[in-house]
Structures are given as structure tokens and as C-alpha cells.
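Q: Please take a close look at the salt bridges in this model. Which side chains are paired, and how exposed are they?

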Amino acid sequence: MLYTDGLIERRHEDIDVGPARLADVLGRHRAADPEDLADAVLRELLPREAATDDTALVIMRW
């Protein structure tokens, strides 16, 4: 999995919160195929309000 900081970093939030939130999502959806996992990650982590940073995400399983 590769991602840019726009996926996990939020203004006015401690730097450790985003990675912990990502780990939680990945743990709950670990059995999903890469496309469904990416959808879940984006759905749960992208801000509901207007995004202030660009986001890129790549997930692959081998």
C-alpha cells in the first residue's frame, strides 16, 4: 500500500491519529480484495467536508 499524506493527515489533529485510523480500517477490511479495500479506505478516511489536500492511494496484493 502506498498513499500520500492527504489520506491520513488533518489540520488541528495530532500526527499519530491518522495512521492509527488507517490501521483500524485496514484491520477491519483485511480480507477484502485490493479494489474493495481501496474503496473502504477512501470511503472511511477521506474528509466528509471539502478536502484541503490531494490524495493518492495504491493497494496491491501478491
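A: The salt bridges are described below, one pair at a time.

This is a predicted model, in which local features need pLDDT of at least 70 and side-chain atom pairs count only at pLDDT 80 or more, while totals for chains, interfaces and linings use all residues. Residues are numbered from 1 along each chain as its sequence is written, and side-chain values use heavy atoms, with hydrogens and water left out.

A salt bridge is taken as a side-chain nitrogen of Lys or Arg within 4 Å of a carboxyl oxygen of Asp or Glu. By this rule there are three salt bridges.

One of them joins Glu-13 to Arg-21, at 2.7 Å from N to O. Exposure is graded by relative accessible area: buried is under 20%, exposed is over 50%, and partly exposed lies in between (1.4 Å probe, protein chains only). Glu-13 is partly exposed because its relative accessibility is 30%; Arg-21, at 28%, also counts as partly exposed.

Asp-24 and Arg-28 form another salt bridge, at 3.0 Å from N to O. These two residues are four apart in helix 1, so about one helical turn separates them. Helices are DSSP runs (H or I, at least four residues), numbered from the N terminus. Asp-24 is partly exposed at 41%, and so is Arg-28 at 48%.

Arg-28 also forms a salt bridge with Glu-44, with the closest N and O atoms 2.4 Å apart. This pair links distant parts of the chain, as Glu-44 is in helix 2 (residues 34-45) and Arg-28 in helix 1, 16 residues apart. Glu-44 has a relative accessible area of 29% and is therefore partly exposed. Asp-24, Arg-28 and Glu-44 are thus linked in a network of salt bridges.
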